[in-house]
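This briefing, prepared for a computational chemist, deals with pockets and with a bound ligand. Please look through the sequence and the model before reading on.

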Amino acid sequence: MTFLAPAQGYALWAPTYSAETAVSALEASVVASLDVPLRGKRVLDVGCGIARRLVSAREAGASVALGLDLTPAMLAQARGEPLLAAADARALPVADGAFDVVWCRLVLGHLPALEPAYRELARVCAPDGVVLVTDFHPAAATAGHRRTFRDADGKLHELENHVHRVLAHRVAATGAGLSLRERRDGTIDDTVRGFYERSGRLEVYEQQRGLPLVLALVFARVG
Ligand SMILES: C[S@@+](CC[C@H](N)C(=O)[O-])C[C@H]1O[C@@H](n2cnc3c(N)ncnc32)[C@H](O)[C@@H]1O
């Protein structure tokens, strides 16, 4: 197994990234359960990857849906999304307050420090807007889960992940002018049993049922 920095890792993962995993499936359902309105809203997806979640924003009636990501190879896999560009979450090429809903989904664990990204997420969020962050759950990392993937040749790789506790998210977000509105965990449950079954790891599923894999936080911009 090789250990890869995000830009290098996602360049390799991009061609097969569209296959959902237990983590991505739990993430999508926990975000859906948060019920952040998108109709008529200007939505920015920071670290959008192949833009698969932006498609749902457009389908839900977003008036604008822009995706930004560090890895051009991920953006190149996006199908039919007109508004995409390469950018780092810590230096967004976007005007202050330009978006009503700012997503940053399964990205921040790839950054060693949270503050620069939260400052940018808060800056580009409109005064009455919402910032929705999801991350690989710190409890999953503590339980030994790693962010691994197989490339198109079936080789296993591990992606660099920094463990950020919930309190660290709250402190960085508060410092950036955001206030926590809601927190939810996506935990291993029946809905993801099939992923474990298909990879012959049902015993892991039985042992780890109830373990949180995804942390989801919704913030409002203060002032
Ligand atoms: C796990 S993928 C999530 C993609 C998408 N948000 C989703 O949920 O399908 C993480 C993405 O974060 C991007 N990424 C990593 N570090 C980044 C950074 N500093 N700025 C912007 N994007 C970054 C990667 O290129 C990758 O596409």
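## Ligand site and pockets

The ligand takes up the space of the second largest pocket. The model is a predicted one, and the points below begin with the ligand, go on to the pocket that holds it, and end with the largest pocket.

**Contacts of the ligand**

- Around the ligand there are 19 residues, of which Gly-47, Asp-69, Thr-71, Ala-89 and Arg-105 come nearest.
- Asp-69, one of those that come nearest, places a polar side-chain atom 2.6 Å from an oxygen atom of the ligand.
- Two backbone contacts involve nitrogen on the ligand side: a backbone N or O atom of Ala-89 lies 2.8 Å from a nitrogen atom of the ligand, and a backbone N or O atom of Leu-70 lies 3.3 Å from a nitrogen atom of the ligand.
- Taken alone, the ligand exposes 600 Å², and of that area the protein buries 99%.
- By residue class, the shell around the ligand divides into 10 nonpolar, 3 polar and 6 charged residues.

**The second largest pocket**

- The second largest pocket, where the ligand sits, holds about 470 Å³ of space.
- Its lining is made up of 30 residues, and those closest to the centre of the pocket are Gly-47, Asp-69, Leu-106, Val-107 and His-110.
- Helices H1, H2 and H3 (52-59), together with strands E2 (42-46) and E3 (64-69), each supply at least two residues of this lining, and the largest share, 3 residues, comes from H1.
- The lining of the second largest pocket divides into 16 nonpolar, 5 polar and 9 charged residues.

**The largest pocket**

- The largest pocket has a volume of about 930 Å³, and among the 27 residues that line it, Thr-21, Arg-146, Thr-148, Phe-149 and Arg-201 are the closest to its centre.
- Helices H1 (6-13), H2 (22-34) and H8 (193-198), as well as strands E7 (148-150) and E8 (156-159), each supply at least two residues of the lining of the largest pocket.
- H1 and H2 thus appear in the linings of both pockets, with at least two residues each in the largest and at least two each in the second largest.
- Sorted by class, the lining of the largest pocket consists of 14 nonpolar, 7 polar and 6 charged residues.

Key:
Residues are numbered from 1 along each chain as its sequence is written. This is a predicted model: local features need pLDDT of at least 70, side-chain atom pairs count only at pLDDT 80 or more; totals for chains, interfaces and linings use all residues. Side-chain values use heavy atoms; hydrogens and water are left out. On a 1 Å grid over the protein atoms alone, a cavity is a set of points where a 1.4 Å probe fits but cannot get out, and a pocket is an open set with protein on both sides within 12 Å along at least five of seven lines; lining residues have an atom within 4 Å of a point. Grid points are joined across faces, edges and corners, and a volume is the space filled by probe spheres set on the points. Helices (H or I, at least four residues) and strands (E, at least two) are DSSP runs, numbered from the N terminus. Ala, Val, Leu, Ile, Met, Phe, Trp, Tyr, Cys and Pro count as nonpolar, Asp, Glu, Lys and Arg as charged, and the others, Gly among them, as polar. A residue is near a molecule or strand if one of its heavy atoms lies within 4 Å of it. A polar contact is a pair of N or O atoms within 3.5 Å; within protein, one must be able to donate a hydrogen and the other to accept it, and residues adjacent in sequence count only if both atoms are side-chain atoms. Accessible areas come from the Shrake-Rupley method with a 1.4 Å probe; for residues, only the protein chains shown count as cover. A molecule sits in a cavity or pocket if more than half of its atoms lie within 2 Å of its grid points.
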